Each structure stands twice: as C-alpha cells, then as structure tokens.
Amino acid sequence: MKSPVSSKIVPIFYLLIGLIFLCFPQIPHKDITNVDNIIGEEVYLVFTREIGVLFIVIAILIRQIYSTSESVYRLMNTTFLVVMILLSSISLMMYFLIPSHPFQLIVTTLINIAFFFIYLWERK
C-alpha cells in the first residue's frame with residue numbers, strides 16, 4: 001500500500017509557513033494588519049511568532065504520527081478532517097473580523113479546504 005499524499009504535503013506546508021511566521025513575523029503581520037501602531041507592534045509580532053510555533057508543532061505532530069505508525073495515521077484521518085475544517089473556519093472568521101479583509105486569509109482558507117479534501121479522498 002502506498003503512503004498517503006497528505007503525510008508529505010501537509011507537514012511540509014505547515015513547516016514552511018510556520019518558519020515564515022517564526023523567523024519573519026513582519027511579513028504576515030503587515031499582510032493582515034494595516035495599523036501603524038508602533039507601541040503595540042511588538043505584542044503583535046510575538047503573537048505572530050506564536051502562531052508560527054503552533055504551525056511547526058502541527059507539522060511535526062502529523063509527520064511524527066505517520067512515521068510512528070501508518071495504521072494509526074490512517075485511523076486519525078477523521079481527526080485530521082476536523083482539524084482542517086477548524087483551521088479553515090478560523091481563517092474565514094478572521095477574514096470577516098479584520099476590517100481590511102486581507103486576501104491572504106481567503107487563500108489560507110482555500111488551502112485548508114484543499115487539505116480537507118485530500119484527507120477525505122484518502123479515506124476511501
């Protein structure tokens with residue numbers, strides 16, 4: 001039986017995005033906000049780095065689960081489906097809550113929905 005596509009694609013994506021959020025937090029911060037508030041900017045950058053750490057942890061967990069046991073990875077498919085729906089709904093909610101409506105959040109939502117369909121396809 002061949003290995004699931006999601007065991008490679010999803011961790012690589014989240015690892016790359018997490019590294020960008022962690023090492024260069026100004027990029028996603030400037031894309032999402034258009035506020036030039038210097039006083040609170042450090043707090044926002046720390047929060048952006050925390051999101052990067054979260055994405056890296058998600059990538060490591062998904063890959064580690066697959067590396068440990070492919071059968072457990074396949075059994076957790078429903079859990080991964082729920083996680084992708086939650087992540088896409090959070091990005092969509094943020095899109096409507098942020099007044100500038102950043103396009104990147106729609107792209108993130110679509111990517112997470114694509115991952116959802118990959119996990120759904122692998123369920124068969």
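Is Ala59 buried or exposed? At 5% relative accessibility, Ala59 counts as buried. Keep in mind that this is a predicted model. Here's a quick tour, starting from that alanine and moving on to the core, the aromatic rings and two of the helices.

**Around Ala59**

- You'll find Ala59 in helix H3.
- Setting aside residues up to four places away in sequence, Ala59 touches Pro11, Tyr14 and Leu15.
- Ala59 and Gly18 sit 41 residues apart along the chain, yet their C-alpha atoms are separated by 8.6 Å.

**The nonpolar core**

- The largest nonpolar core is made of 16 residues, and the ones with the most contacts inside it are Val10, Tyr14, Ile58, Ile62, Tyr73, Met84 and Tyr119.
- Four helices each chip in at least two residues of this core: H1 (6–23), H3 (41–68), H5 and H6 (103–123).
- H3 gives the largest share of this core, with five residues.
- Take Tyr119 as an example: not counting residues up to four places away in sequence, Tyr119 touches Ser6, Val10, Ile62, Tyr73, Asn77, Phe80, Leu81 and Met84.

**Aromatic rings**

- A pair of aromatic rings is described by the distance of the centres and the angle of the planes.
- The count of aromatic pairs in this model comes to ten.
- One of them is Phe13 with Phe115: the ring centres are 5.3 Å apart and the planes meet at 75 degrees, so this pair is edge-to-face.
- Phe13 belongs to helix H1 and Phe115 to helix H6, so the pair ties together parts that are 102 residues apart in sequence.
- The two partners aren't equally tucked away: Phe13 is partly exposed, with a relative accessible area of 22%, while Phe115 counts as buried at 5% relative accessibility.
- Another pair, Tyr73 with Phe80, is tilted, at 5.2 Å centre to centre and 45 degrees between the planes.
- Both Tyr73 and Phe80 are buried.
- Ring pairs also link Phe13, Tyr14, Phe21, Phe55 and Phe115 into a cluster.

**Helix H5**

- What span should the 21 residues of H5 have at 1.5 Å a residue? The expected value is 30 Å, and the end C-alpha atoms are 30 Å apart, which agrees.
- The buried residues of H5 are Asn77, Phe80, Leu81, Met84, Leu87, Ser88, Ser91 and Tyr95.
- Look down the axis of H5 and those buried residues fall within an arc of 135 degrees, so they line one face of the helix.
- Some background helps here: an α-helix has 3.6 residues a turn, so residues three or four places apart point the same way.
- Over on the other side of H5, Phe96 and Leu97 are exposed.

**Helix H6**

- H6 also has 21 residues, and from first C-alpha to last it reaches 31 Å, close to the 30 Å expected at 1.5 Å a residue.
- Its buried residues are Leu105, Thr109, Asn112, Phe115, Phe116, Tyr119 and Glu122.
- Seen down the axis of H6, these buried residues fall within an arc of 140 degrees, so they too line one face of their helix.
- Phe103, Leu110 and Trp121 are exposed on the other side of H6.

**Ser89 and Thr109**

- Ser89 lies in helix H5, which runs over residues 77–97, and Thr109 has its place in helix H6.
- Although 20 residues separate them along the chain, the C-alpha atoms of Ser89 and Thr109 are separated by 7.1 Å.
- Ser89 is partly exposed, with a relative accessible area of 36%, whereas Thr109 is buried, with a relative accessible area of 6%.
- Which backbone atom does the side chain of Ser89 reach? That would be the backbone oxygen of Leu86, at 2.8 Å.
- The side chain of Thr109, for its part, reaches the backbone nitrogen of Leu92 at 3.3 Å.
- Leaving aside neighbours within four places in sequence, Thr109 is in contact with Ser88, Ser91 and Leu92.

Key. Residues are numbered from 1 along each chain as its sequence is written. This is a predicted model: local features need pLDDT of at least 70, side-chain atom pairs count only at pLDDT 80 or more; totals for chains, interfaces and linings use all residues. Side-chain values use heavy atoms; hydrogens and water are left out. Buried means under 20% relative accessible area, exposed over 50%, partly exposed in between (1.4 Å probe, protein chains only). A polar contact is a pair of N or O atoms within 3.5 Å; within protein, one must be able to donate a hydrogen and the other to accept it, and residues adjacent in sequence count only if both atoms are side-chain atoms. A nonpolar core is a set of buried Ala, Val, Leu, Ile, Met, Phe, Trp, Tyr and Cys residues joined through side-chain atoms within 4.5 Å. Contact means heavy atoms within 4.5 Å. Rings of Phe, Tyr and Trp (its six-membered ring) pair if their centres lie within 6.5 Å; planes under 30 degrees apart count as stacked, over 60 as edge-to-face and the rest as tilted. The expected span of a helix is 1.5 Å times one less than its number of residues. The arc is that of the directions from the helix axis to the C-beta atoms.
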